[in-house]
Amino acid sequence: MVPQLKPALRRGWRDLNTVQFGMTPAHAMTLGPMDTATGSFLDLLNGTRGLALLREEGHRMDLPEGHVDTLVGRLARAGLVDDARGGGPDADRLRGKKEILDRLAPDLASLSLTTSEPGDAMRLLAARRSLRVQVRGAGRVGAVLAALLSGAGVGEVDVRDSGRVEPWDVAPGGLPACSVGDRRDTAARRAVSAAAPGRPPRGGSRSSAGTDDPGFTLVILAPRDDVDVHAPAPATGEPFVRSGTPHLFAGVAEATGVVGPLVLPGGTGCAGCLHETRTDRDRAWPRLVAQWRSGSRQQSARPCDLALATTVAGLAAAHALAFLDGRLPSSAGARWEVSLPGLSWHARPVWPHPACPCGAAEKGKGEHTSKEEAAHETMTEQGSSEELCREATTPRPAGTWRAHV
């Protein structure tokens, strides 16, 4: 291990004996009491010395025997220390690609804040390069979302859509103006390739598989049609439920952005559960949906504000990356929605329904209740600023849940 204080956390002294790591309530914590020599020793934890050299430096600074190991262990348990050479063989290979690593440096720094074990951030970043994600839909939301995932280091991002690029499909970070008239999927794949750090090789032959391709770690459904966003057809997700492929819904309908649900087949509510629940609450729901779908398909642009579409793409990408990194985002079992002009995010639960053939209602009885309830807090109901610091003696939990479905 080559200890390194996480550079993503700013450091400051609250008084002569107490040091604070980090600024924001989500990550800040304090360490103390600390003597002057130990405070000076912190500067040596910069990723250039192994433990043997650090012990020698500690001896020269007259630190007590075993003090260095105790300090490093305490900092590591608090999630404040990274391993400058950790993460395994894939991480070592990534370190050898300086241009790629320089592009992903901010992503690596962010991952270091959400992981506690030394070397985990680099391991997760390197692991992204072996993942396969498919985005279905290449409009203002889907194309930007696909490019974001590619730029964040996901190794293969396949995009599926039909038709040709229309002027209203163009968006910064997504389809460029020069692609108008080109095939949507081809133009989106070009955008994905341009966004990729180092442009890692992609398994093109596997991308031509069927709709229930089990090789994708995650499928994201980002339809351009606003009815499909507001009322996703149960049949849309059925192939992924059958194959056990996690899938996430995202899009914009009538100036309302939607992210979720993230469907873990057999574990969380799916599009069929959503439809059944809505039908229970409103007997006219199926009739309305049928009318919306059978109405004339207008070729004109649908309400999809550029800033809102980009916001939805960004949040959906963040939820997708959280899942790909082995965590359970709050979109599992919920739809996050935000509408113009108020822009207040709120979550609507998508409970497993006993009438849905996905089986989540039976398999998931009592299994996800606490997680789902926590996921339904609004973004405005966060902890107060008074909870700024956590004690460094308390280990920071790191979520490691991954769906194997």
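This passage describes a long helix, the nonpolar cores, a second covered helix and the cysteines of a predicted model.

Helix α14 spans residues 306–324. The helix contains 19 residues. From first C-alpha to last, α14 reaches 27 Å, close to the 27 Å expected at 1.5 Å a residue. Its N-terminal end is capped by D305. There, a side-chain oxygen of D305 lies 3.0 Å from the backbone nitrogen of A307. G326 follows the helix, with a positive phi near 95°. Much of the sequence of α14 is buried: L308, A309, V312, A313, L315, A316, A317, H319, A320, L321, F323 and L324.

The largest nonpolar core holds 46 residues. Seven members touch the most others: V141, L145, L149, V154, L218, I220 and L324. Among the contributors to this core, α14 gives the most, with eleven residues. L324 thus appears in two lists, as a buried residue of α14 and as one of the core members with the most contacts to other members. The surroundings of V141 also involve the helix. Beyond its neighbours within four places in sequence, V141 is in contact with A309, V312 and A313, each of which is buried in α14. The remaining contacts of V141 in that set are A222, G251 and V252. A second core is separate and has 22 residues. Its members include L5, M29, L54 and L80.

Helix α14 also takes part in covering α7. Helix α7 runs over residues 120–128 and is mostly covered. Seven of its nine residues are buried. These are D120, A121, M122, L124, L125, A126 and R128. The buried set therefore includes the charged-type names D120 and R128 alongside L124 and L125. The cover over the buried residues of α7 includes β5 (81–83), α4 (89–95), α5 (98–103) and α6 (105–114), as well as α14.

The structure holds zero disulfides. C270 is in no disulfide, and its nearest cysteine sulfur, that of C356, is 3.5 Å away. A pair of cysteine sulfur atoms must lie within 2.5 Å to count as a disulfide. C270 is buried, with a relative accessible area of 6%. C273 is likewise in no disulfide. The nearest cysteine sulfur to C273 belongs to C358, 3.6 Å away. C273 counts as buried, at 0% relative accessibility.

Notes. Residues are numbered from 1 along each chain as its sequence is written. This is a predicted model: local features need pLDDT of at least 70, side-chain atom pairs count only at pLDDT 80 or more; totals for chains, interfaces and linings use all residues. Side-chain values use heavy atoms; hydrogens and water are left out. Helices (H or I, at least four residues) and strands (E, at least two) are DSSP runs, numbered from the N terminus. The expected span of a helix is 1.5 Å times one less than its number of residues. Buried means under 20% relative accessible area, exposed over 50%, partly exposed in between (1.4 Å probe, protein chains only). A polar contact is a pair of N or O atoms within 3.5 Å; within protein, one must be able to donate a hydrogen and the other to accept it, and residues adjacent in sequence count only if both atoms are side-chain atoms. A nonpolar core is a set of buried Ala, Val, Leu, Ile, Met, Phe, Trp, Tyr and Cys residues joined through side-chain atoms within 4.5 Å. Contact means heavy atoms within 4.5 Å.
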